[in-house]
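This report goes through the fold of one chain, from its overall make-up to its sheet, helices and cores. The sequence and the model are shown first.

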Amino acid sequence: MAAHPDSARENLERIAHEFSSFMAATGGANEADTRANLIDKILTQVCFWPDAAIKREQHVDRGYIDYSLLVQTRRYVAVEAKREGIAFTFPTTSHKTLKLSGALLTDKDISEAIIQVRGYCDDGGIRYGIATNGYAWVVDR
């Protein structure tokens, strides 16, 4: 189902507002809260990935993939979710993209999440990996 880009943006703004309200009411979010109230919604309502093509907690040799995004029946994207409080600090730059082999890996939280999702991709024969805390999305291919 193709969606209008403006609807994705509107959905993202609504989801962010709802999550902000959730955070204010609860005082914080663990990984499960971040996944249910932010990441799940972004995947389905902003990226328009069909819920039927999202598998959660699939096992590979190194552990459990938080999200396996399927194309037909094949795992195509692995998503590693971190709780909202895990900050991803990006280097200051004018570029819209950063190389994963460079300054991006100097942030411990980003580096650990990328290494984790890369391992899942290696184990599962998955093409793309994403590490996210719900706000920042680091895509590795």
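Two strands count as paired if DSSP finds at least two bridges between them. The model described here is predicted. One case of such pairing is β4 with β5, which form a hairpin with four residues between them. Gly134, in the turn of this hairpin, has a positive phi of about 95°.

## Overall make-up

The chain contains three helices and five strands. Along the sequence these elements follow the pattern α-α-β-β-β-α-β-β. Of the 141 residues in the chain, 38% are buried.

The exposed area of the chain is about 8400 Å², and carbon and sulfur atoms supply 51% of it. Among contacts with a separation of 6 or more, 52% join residues 24 or more positions apart.

## The sheet

The five strands form an open sheet with mixed pairing, in the order β1-β2-β3-β4-β5. Its edges are β1 (54-60) and β5 (137-140), each of which pairs on one side only. With direction ignored, neighbouring strands are turned by 30° against each other on average.

Strands of a sheet pair through backbone hydrogen bonds, either parallel or antiparallel. Here β1 and β2 (residues 63-71) run antiparallel and are joined by six bridges; Val60 has Gly63 of β2 as its bridge partner. β3 and β4 are paired in the parallel sense over five bridges, and Val79 has Ile130 of β4 as its bridge partner. The pairing of β4 with β5 is antiparallel, over four bridges, and Ala131 stands opposite Val138 in β5.

Why is β4 largely enclosed by the rest of the structure? Four of its five residues are buried, so little of this strand is left outside that enclosure.

## Helices against the sheet

Helix α2 (residues 31-46) packs on the sheet and touches β1, β2, β3 (74-81), β4 (128-132) and β5. The direction of α2 makes about 10° with that of β2. Helix α3 (residues 108-124) lies across β1, β2, β3, β4 and β5, and runs at about 160° to β3.

Asp40 lies in helix α2. Which side chain makes a polar contact with the side chain of Asp40? That of Tyr67 does, at 2.2 Å. With neighbours within four places in sequence left aside, Asp40 is in contact with Arg35, Arg56 and Tyr67.

## Nonpolar cores

In soluble globular proteins, nonpolar side chains tend to be buried together. The largest nonpolar core in this model has nine residues: Ile39, Leu43, Ile54, Tyr67, Leu69, Val77, Val79, Ala81 and Ile130. Two or more residues each come from α2, β2 and β3. The largest share, three residues, is given by β3.

Two members of this core, Tyr67 and Val79, have appeared above: Tyr67 through its polar contact with Asp40, and Val79 through its bridge to Ile130. Leu43, also in the core, touches Phe48, Trp49, Ile54, Tyr67, Leu69 and Trp137, residues up to four places away in sequence not being counted. Another core, of eight residues, lies apart from the largest one; among its members are Ala8, Ile15, Met23 and Val46.

Notes. Residues numbered from 1 in each chain as written. Predicted model: local features only at pLDDT ≥ 70, side-chain atom pairs only at ≥ 80, totals over all residues. Heavy atoms only, no water. Buried < 20%, exposed > 50% of the residue type's maximum accessible area, 1.4 Å probe, protein only. Contact = heavy atoms within 4.5 Å. Areas by Shrake-Rupley, 256 points an atom, 1.4 Å probe, with all protein chains shown as cover. Axes fitted to C-alpha atoms, helices over the stretch in contact; angles between N-to-C directions. Polar contact = N/O pair within 3.5 Å; in protein donor to acceptor, adjacent residues only side chain to side chain. Core = buried A, V, L, I, M, F, W, Y, C linked by side-chain atoms within 4.5 Å.
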